[in-house]
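Reader: Before I rely on any label attached to this structure, I would like to see how each one is reached. Could you take me through the reasoning step by step?

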Amino acid sequence: MRLFRSSELLGIAADTLRFALEASRDTHPNEYMGFLRATDARDLGLDRTGQVITDVLVIPGTTSTPESATVREHMKPNSSRAVGSVHSHPNGVLRPSDADLATFHAGEAHIIIGAPYERDCWRAFDSDGDPRDLDVIDVPLPEDEAFFDFDQTDIDAELYDE
């Protein structure tokens with residue numbers, strides 16, 4: 001586990017994208033929404049500095065209709081460090097609406113998935129709503145880690161590596 005992460009976002013894990021596509025399909029005709037979390041690339045066995053999106057955090061109490069999804073942001077866990085968001089457009093339009101842009105403030109990658117929710121039915125955007133590249137990376141997903149599952153030895157080792 002790395003305590004200090006590089007901020008460069010390299011891409012999204014293939015299994016994470018597959019999960020988001022399936023969740024969007026399962027939620028249809030309503031919108032799907034979640035937050036994206038990332039793992040240090042080195043912890044995934046990549047010889048690169050940066051992060052890979054590995055998790056979709058679904059917030060309890062999220063409500064959705066065919067036109068929108070509303071998240072209770074106050075329900076987001078304190079331990080959640082979102083690097084962006086993911087949501088679906090049941091109408092298949094792969095560009096952000098004005099309402100979407102208003103939610104793009106937190107994080108650097110925002111994914112929109114459109115019907116029919118196939119492998120190529122998604123686009124990534126930056127916080128301004130401009131298209132951005134986001135590679136799909138085939139890496140094994142990390143096992144869940146306990147928050148604060150480290151001690152001073154881990155911190156010292158991490159600082160030494162930097």
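Author: Let us begin with a cut-off: a residue is buried under 20% relative accessible area, exposed over 50%, and partly exposed in between. Please keep in mind that this is a predicted model.

Reader: Why is Ala115 called partly exposed?

Author: The relative accessibility of Ala115 is 24%, and because partly exposed covers the values between 20% and 50%, Ala115 takes that label. Ala115 lies in the loop between β7 and β8, where it touches His28, His89, Pro90 and Gly92, leaving aside residues up to four places away in sequence. The C-alpha atoms of Ala115 and Arg25 are separated by 7.4 Å, although these residues are 90 residues apart along the chain.

Reader: What makes His89 count as buried?

Author: His89, which is found in strand β6, has 7% relative accessibility, and since the limit for buried is under 20%, His89 counts as buried. Beyond four places in sequence, the residues that His89 touches include Glu31, Arg95, Ile112, Ile113 and Tyr117. His89 and Ser24 are 65 residues apart in sequence, and their C-alpha atoms are 8.5 Å apart in space.

Reader: How do you know that the side chain of His89 makes a polar contact with the side chain of Asp100?

Author: The value for this pair is 2.9 Å, and the cut-off for the N or O atoms of a polar contact is within 3.5 Å, so the contact between His89 and Asp100 is counted.

Reader: What can be said in the same way of Ser85, and is it buried or exposed?

Author: Ser85, also found in strand β6, has a relative accessible area of 3%, and because this is under 20%, Ser85 is buried. The side chain of Ser85 makes a polar contact with the side chain of His110 at 2.7 Å, and the residues touched by Ser85 include Gly34, Phe35, Leu36, Phe104 and Ile111.

Reader: Which residues have the most contacts inside the largest nonpolar core?

Author: They are Ile53, Val86, Ile111, Ile113, Trp122 and Leu134, in a core of 20 residues. The elements that each supply at least two residues of this core include β1 (9–13), β2 (33–40), β3 (51–57) and α1 (14–27), and α1 gives the most, with four residues. As for Ile111, residues that it touches beyond four places in sequence include Ile12, Leu36, Val86, Trp122 and Leu134. A second, separate core has seven residues, among them Leu10, Ala41, Leu44 and Val52.

Reader: How do you know that the length of α1 agrees with the expected span?

Author: With 14 residues, α1 should span 20 Å at 1.5 Å a residue, and because its end C-alpha atoms are 20 Å apart, the two values agree. The buried residues of α1 include Ala14, Leu17, Ala20 and Leu21, and what covers the buried residues of this helix includes β1, β3, β6, β7, β8 and β9 (135–137).

Reader: Where is confidence lowest, and where is it highest?

Author: Helix α3 (residues 152–161) has the lowest confidence, at a mean of 60, whereas β8 has the highest, at 98. The mean pLDDT of the chain is 83, and 79% of its residues reach 70 or more. Over residues 146–150, pLDDT stays under 50, and the model has seven contacts for them beyond four places in sequence. Where pLDDT is low, predicted coordinates should not be read in detail.

How values were computed. Residues numbered from 1 in each chain as written. Predicted model: local features only at pLDDT ≥ 70, side-chain atom pairs only at ≥ 80, totals over all residues. Heavy atoms only, no water. Core = buried A, V, L, I, M, F, W, Y, C linked by side-chain atoms within 4.5 Å. Buried < 20%, exposed > 50% of the residue type's maximum accessible area, 1.4 Å probe, protein only. Contact = heavy atoms within 4.5 Å. Expected span 1.5 Å × (residues − 1). Polar contact = N/O pair within 3.5 Å; in protein donor to acceptor, adjacent residues only side chain to side chain. pLDDT = per-residue confidence, 0-100.
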